[in-house]
Structures are given as C-alpha cells and as structure tokens.
Amino acid sequence: MHYIIYIDKVWLMDFVISTYLLLLVRKTCGLRSSAVRLVLCAAAGAAVFVFFLLLPDIGLPVRLVLQAVCVEYLLLKTAFSFRTKEMAVRSYICMSGYGLLMGGFVCFVSGYLPGKKKSLSFWETLLAVTVAAGAVWLYLHIRKKRKREFYTVKLDFYGEMCVCRGFADSGNSLYEPYGGRPVSVLEKQAAGELLERVPPEKHFLVPFHSIGRKNGLLAAVELPQIQLEEGEERMVLKKAVVALSEENIAQKGNYQMILHPEHVRQEE
C-alpha cells in the first residue's frame, strides 16, 4: 500500500498543534517562556516529526512512539527550563493529555459530518484543533481568574531570608506616601527577630484606611528584595516595601502575607 504525503501540510499541522500544546502547558503549569521561543521550538519539533515520518523501513507505530516519547519530551525541555523533575513530568502529562483531547475532538467532529464524508479535510482539521485549543485556553483563563492565588514568598532581611506564604489580594490598595510604591502586608510575628537587621533609615510609616477605622498608620520596612514563587514561575522585586501587621492576617487561611496586586501582576 502506498501513501501520498504532503510534507508542507504535515509540517504545518504538527507546527500548529505543537504551538497550541506548548501555550496550554505554559498556562496550566505556570511556566515562563517567551512566545517566540515556543514558536521556534514548535517549528523545530514539526521538522523532526517530518524527518521521522520519511525514514524508510520503520513502521507507523514506531514512528508514533518516537514522536510521543522522544520528540515531545525534547520539545518540552527545549521550550521550558524546569527546576524540578516533578514539574517536567507534570508538563509532559499535560501535553499528552491535551494532545489526546484535541485528537478526540477531531474524531468527534468527523463522526457527525453530513453525507458520505468520513473524514475532515486538512483545513477543517486545523479549524477543529483550533476550536479545541481555544476552548481549553478559555477554561484555564476563567479558572485562574476565579481561584485564590497563593505564593511562596522569600523576603530578604538584609542577608537573612524569611520564607512565608502569601495571598494575592486585589483589595490591597496600600501605597507608601513617599515614592508611591505598592505595599504588601506581613504579619510582624512571621518576621520575628529578623526585623532587627533592617537599618533604621529603612523604617517608616504607611497610612491606611479600613472598615471600622477611618485612619491609621502601619509600620513598614524597605527590603532589598522579595521573591515570589508559584509553580515554576519566579518573580524578584527589588527594594520592596512591606508593612508589618500586629494582628493575625489570615483568620481562617494558612498564609502570613497579603500581597499587593501590582506585586503579582503577570503577563497573560
């Protein structure tokens, strides 16, 4: 049996699907990588897939295994920088799952074609894959907007690190009055004796307003940097201002810091 392979269409299809998969994995796992890097990796992966497809004396099952096991893993390793093996495995599972989802959607659509047509054309398949990827992207976007976002926060107290859990609160509108910088709030107890390391000139007061108390002042410090981590994402904020709360911040939650929205704002 002989097959006619249109290399340009095979490459384009694999390129588009790989690009969608990498974008979905980035959004799902909170990875950091530029869109240009993802596109270049997808193009290279599609070229490798075409190369495997054209190899002589290799059965189709072997080609598919090489694509699924070798090419996809190398594609992920090239597109992203993983700090842990667990995140690499999670990303691979996500990519494989989304790939099966797209394939299943294409089969579902082709099963409801009118007339005697049994399969989708190239452009219809491309459209179906795009619709499936768009639906997943929309779901992830809505889910991220609705969920509470927690971060591992590392605060640099002039040479000593304090690690705590921070909650991104859109209701935090604190700004220090001298330079207009955003202010996050930390339980004073969480810092403990580390506050003694902060130079006197880095201490100041931040005015605030709250329900039940019209005006007030919060003690605050300027730290060399704070580092926020969520999954594989890592953000470093230089000369960050942190207010100190005498009260327990989380009455029912397990966090010690309320992060300012501008401290956690990320590119979608």
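This is a short guided tour of one protein structure, stop by stop. Keep in mind along the way that the model is predicted.

**Stop 1: the whole chain**

Start with everything shown as a cartoon. You should be able to pick out seven helices and seven strands. Following the chain along its sequence, you meet them in the order α-α-α-α-α-β-β-β-α-β-β-β-β-α.

Now switch on the surface. The accessible surface adds up to about 16,200 Å², and carbon and sulfur atoms account for 61% of that. The protein has 268 residues, of which 41% count as buried. If you look at contacts between residues at least 6 apart in sequence, 65% of them link residues at least 24 apart.

**Stop 2: the hairpin of E1 and E2**

Next, select residues 150-157, which are strand E1, together with residues 160-168, which are strand E2. The two run antiparallel, joined by eight bridges. To find one place where they face each other, pick Lys154: Val163 in E2 stands opposite.

Then move to the turn. E1 and E2 make a hairpin, with two residues between them. Select Tyr158 in that turn and check its backbone: phi is positive here, about 55°.

**Stop 3: from E2 to E7**

Keep E2 selected and add residues 257-259, strand E7. In which sense do these two strands pair, parallel or antiparallel? They pair in the parallel sense, over three bridges. Phe167 is a good residue to click on, as Ile258 in E7 stands opposite.

**Stop 4: Ser245 in E6**

Now select residues 233-245 to bring up strand E6, and pick out Ser245. Is Ser245 buried or exposed? Ser245 counts as buried because its relative accessibility, 13%, falls under the 20% cut-off. To see what lies around Ser245, show Val185, Leu186, Glu187 and Lys188; these are the residues it touches, leaving aside those up to four places away in sequence.

**Stop 5: His263 in H7**

Finish at helix H7, residues 261-264, where you will find His263. With a relative accessible area of 8%, His263 is buried. Which residues does His263 touch, beyond those up to four places away in sequence? Show Pro182, Val183 and Ser184, then Ile226 and Leu228, and lastly Met235, Leu237 and Val241.

For one last look, draw a distance from the C-alpha of His263 to the C-alpha of Val183. The pair is 80 residues apart in sequence, and the line should read 8.4 Å.

Conventions:
Residues numbered from 1 in each chain as written. Predicted model: local features only at pLDDT ≥ 70, side-chain atom pairs only at ≥ 80, totals over all residues. Heavy atoms only, no water. Pairing = 2+ DSSP bridges. Helix = DSSP H or I, 4+ residues; strand = E, 2+ residues; numbered from the N terminus. Buried < 20%, exposed > 50% of the residue type's maximum accessible area, 1.4 Å probe, protein only. Contact = heavy atoms within 4.5 Å. Areas by Shrake-Rupley, 256 points an atom, 1.4 Å probe, with all protein chains shown as cover.
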